[in-house]
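Please look over the model shown here before reading on. The report below covers charged pairs, backbone geometry and surface exposure.

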Amino acid sequence: MRLIQVAQGATDLQRAAAFYSRLLGTEPTAFFDPPGLLFFDLDGVRLLLERGAPSSLLYLEVPDVRAAVGTLQGRGVEVVAAPHMIFRHSDDRLGPAGTDEWMVFIRDSEGNTVGLVSHLPPAPEPPSRSEAP
């Protein structure tokens, strides 16, 4: 089995199309109104923005959430929770071993929360301060 589609609620499909086109860097693959369906292709998984669908929490991978947040704020996107490291991967069960998983949460044009995720090399350990005798 593989995931084929995720639905996200949208009130204004034109506004959602503009927001997600900018966020994803791609145009919609299909738009049907009526009945109120807007599709994007995310590497073979369809993102459906549907009028009347319940809200979902989407997590989208970006190269570096710390850099992405500045760009998004410059476009007027609301940041719900600032970039933060949530987990260090010691093995490959949930992400690439030896990376830190960073997240930031933003609000989309329809009021939904969207998580952006990056797997980044660990930050270097700060030098230890030796105490003078």
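How many salt bridges does the count come to? The count comes to six salt bridges. A salt bridge here is a side-chain nitrogen of Lys or Arg within 4 Å of a carboxyl oxygen of Asp or Glu.

This is a predicted model: local features need pLDDT of at least 70, side-chain atom pairs count only at pLDDT 80 or more, and totals for chains, interfaces and linings use all residues. Residues are numbered from 1 along each chain as its sequence is written, and side-chain values use heavy atoms, with hydrogens and water left out.

**Salt bridges**

Three of the pairs are listed here, among the six.

| Pair | Closest N to O distance |
|---|---|
| Asp33 and Arg51 | 2.9 Å |
| Asp100 and Arg88 | 2.6 Å |
| Arg93 and Asp91 | 3.0 Å |

Take Asp33 and Arg51, which meet in a salt bridge. Asp33 lies in the loop between β2 and β3 and Arg51 in strand β4, so the pair ties together parts that are 18 residues apart in sequence. Strands (E, at least two residues) and helices (H or I, at least four) are DSSP runs, numbered from the N terminus. Asp33 is partly exposed, at 41% relative accessible area. Arg51 is also partly exposed, at 37%. Three classes are used: buried is under 20% relative accessible area, exposed is over 50%, and partly exposed is in between (1.4 Å probe, protein chains only).

Asp100 forms a salt bridge with Arg88. This pair links distant parts of the chain: Asp100 is in strand β7, Arg88 in strand β6, twelve residues apart. Asp100 is buried, with a relative accessible area of 3%. Arg88 is partly exposed at 42%.

In the pair of Arg93 and Asp91, Arg93 is exposed at 72% relative accessibility. Asp91 is partly exposed at 29%.

**A buried acid without a salt bridge**

Which side chain of opposite charge is nearest to Asp108? Arg107 is, at 7.2 Å, and Asp108 is buried yet has no salt bridge. For charge, Lys and Arg count as positive and Asp and Glu as negative; His and the chain ends are not counted. Asp108 sits in the loop between β7 and β8 (113–120). The side chain of Asp108 reaches the backbone nitrogen of Gly111 at 3.0 Å. Not counting residues up to four places away in sequence, Asp108 touches Gln8, Phe19, Tyr20 and Val114. Contact means heavy atoms within 4.5 Å.

**Backbone geometry**

Most residues other than glycine have a negative phi, and most peptide bonds are trans. Where does this model depart from that? The peptide bond from Asp33 to Pro34 is cis, with omega near 5 degrees. A cis bond also joins Pro34 and Pro35, with omega about 15 degrees. Pro34 is in the loop between β2 (30–32) and β3. Pro35 is found in the loop between β2 and β3.

Asp43 has a positive phi, near 50 degrees, and is a residue other than glycine. Asp43 lies in the loop between β3 (37–42) and β4 (45–51). At 83% relative accessibility, Asp43 counts as exposed. The C-alpha atoms of Asp43 and Thr99 are separated by 23 Å; the two residues are 56 apart along the chain.

**Thr99 and Pro122**

Is Thr99 buried or exposed? Thr99 counts as buried, at 13% relative accessibility. Thr99 lies in the loop between β6 and β7. Leaving aside neighbours within four places in sequence, Thr99 is in contact with Phe87, Arg88, His89, His119, Leu120 and Pro122.

Pro122 lies in the segment after β8. Pro122 counts as partly exposed, at 36% relative accessibility. Beyond four places in sequence, Pro122 touches Arg88, Gly98, Thr99 and Asp100. The C-alpha atoms of Pro122 and Asp92, 30 residues apart along the chain, are separated by 15 Å.

**Nonpolar surface**

Ile86, Phe87 and Leu94 make a nonpolar surface patch of about 310 Å². Patches are made of residues with over 30% relative accessible area and no salt bridge; like charges are joined within 9 Å, and nonpolar side chains (Val, Leu, Ile, Met, Phe, Trp, Tyr) within 5 Å. Accessible areas come from the Shrake-Rupley method with a 1.4 Å probe; for residues, only the protein chains shown count as cover. Leu94 is in the loop between β6 (78–88) and β7 (100–107). Leu94 is exposed, with a relative accessible area of 68%.

Key:
Polar contact = N/O pair within 3.5 Å; in protein donor to acceptor, adjacent residues only side chain to side chain.
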